[in-house]
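Visitor: Hi! Could you walk me through this one? I'd like to start with the ligand and then move on to the cysteines.
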Amino acid sequence: MTVRIGVIGAGWIGQEHIRRLTETIAGAQVTAVTDIDAERAAQAAKTAGAQVHPDGAALIAADDVDAVLVTSWGPTHAEHVLGAIAAGKPVFCEKPLATTSEDCLKIVEAEQAHGRRLVQVGFMRRFDQGYRQMKDVIASGRIGTPLIVHCAHRNATVPASYTSDMAALDTAVHEIDVLRWLLDDEIVSTQVIAPRATANKHEHLTDPQIMLFETAKGVRIDLEVFVNCRYGYDIQCETVGEEGLVRLPDPAAVGVRTAGAHSTAVLPDWTGRFADAFDTEFREWVANLAAGNEPTGPSAWDGYAATVITGATAEALTSGRIVPTDIPNRPAFYATGGHQ
Ligand code: NAD
Ligand code: ISE
């Protein structure tokens, strides 16, 4: 069965996913596109042979849309996800699930009232081979009980529109999700330290930042977020356990020896670094829907927890304090899937 997908938001990642669903993922077809920029919607729809709809509500209601993909700006996500749940259609939402914890809870409640999981959140790192291998090693017990995690999330540059709170809300959100999953644990407090600032940044920005998280089981996580590191896109993660450690591999790249130096390229951005992860993410999502199953990737509860933790981290940056996250226990409805 072909899963017919309607895409809301045809910007950078919307176009990436339309291309992916059209050219790479078997069993998927993009049948509908909408964007508040009509020209952009028309262009993207043309590449997929899809129809343009005037807005998200019309797209969700369309008969030839079996499932919805939300790739619009964060503050619009809740409206579209709630619209898809009300229509009883599966919905894949790029991160964040919603920009406020209140809106995330509305989604969680609407989905539970529907009685079946419909929502998957676009935390693609859970589909990356390196992170999956790390999770297997940790779960196998080979490195013993995890004690500390050291991480870095570096972007080459960010635009002037990027603000200091986005280091948590937009960037660290990926580590926050993947570490909850990797450790099968919850983040209970967060703190931010600002080291000496780089000169290579926009005036208003606090960059880099060091985030410190504590989990319910007592694991300590340090995360460097450096979004003007200049040299490329670089994601590092190392989990230290009682009996050893496990480290995320760098992406495979040829080593070049010339002119007295040995070098390997560093990728420029997230599109290439996580291309395979995005492919796997959509392959698994589409396969589940085609089989009539619920989605098994990051759930609305995971999206809620991430928004609470990123919000607390942005608050910690402003206040300079350690901020508790106070996330309630996960409802039984979300006991499987997101933490598989
Ligand atoms: P973008 O600005 O390039 O594209 C967003 C598009 O949404 C624009 O074309 C805009 O016109 C459209 N839009 C806004 N409101 C809309 C609405 N109500 N209805 C229809 N269209 C609307 O942004 P982007 O970089 O593509 O990011 C989009 C989302 O994807 C964000 O939530 C972002 O956080 C997320 N994202 C995720 C990753 C990842 O690594 N998983 C990477 C980049 C972006
Ligand atoms: C962007 O929105 C992403 O999600 C990327 O994965 C992340 O590396 C980048 O910092 C964000 O701005």
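Guide: Happy to. Of the 25 residues around ligand 1, the nearest are I13, D35, R40, W73 and K95. Keep in mind that this is a predicted model.

Visitor: Which atom of R40 lies 2.6 Å from an oxygen atom of ligand 1?
Guide: That one is a polar side-chain atom of R40. With K95, a backbone N or O atom lies 2.9 Å from a ligand 1 oxygen. H174 has a polar side-chain atom 3.4 Å from an oxygen of ligand 1.

Visitor: And how much of ligand 1's accessible area does the protein cover?
Guide: On its own, ligand 1 has 850 Å² of accessible area, and the protein covers 85% of that.

Visitor: Nice. Which helices each supply at least two residues of the shell?
Guide: Helix 1 (12–23), helix 4 (77–86) and helix 7 (166–183) each do.

Visitor: What's the shell's mix of nonpolar, polar and charged residues?
Guide: The shell around ligand 1 has 10 nonpolar, 10 polar and 5 charged residues.

Visitor: OK, switching to cysteines. How many disulfides are there?
Guide: The count is 0 disulfides.

Visitor: Why is C151 not bonded to C237?
Guide: Their sulfurs are 3.9 Å apart, and C237 holds the closest cysteine sulfur to that of C151. A disulfide needs the two sulfurs within 2.5 Å, so this pair is too far apart for a bond.

Visitor: What about C229, where is its nearest cysteine sulfur?
Guide: That sulfur belongs to C151 and is 16 Å away, and C229 is in no disulfide.

Visitor: Is C151 buried or exposed? And C229?
Guide: C151 is buried, at 6% relative accessible area. C229 also counts as buried, with 9% relative accessibility.

Key:
Residues numbered from 1 in each chain as written. Chains lettered and ligands numbered in written order. Predicted model: local features only at pLDDT ≥ 70, side-chain atom pairs only at ≥ 80, totals over all residues. Heavy atoms only, no water. Buried < 20%, exposed > 50% of the residue type's maximum accessible area, 1.4 Å probe, protein only. Near = heavy atom within 4 Å. Polar contact = N/O pair within 3.5 Å; in protein donor to acceptor, adjacent residues only side chain to side chain. Areas by Shrake-Rupley, 256 points an atom, 1.4 Å probe, with all protein chains shown as cover. Helix = DSSP H or I, 4+ residues; strand = E, 2+ residues; numbered from the N terminus. Nonpolar A, V, L, I, M, F, W, Y, C, P; charged D, E, K, R; others polar.
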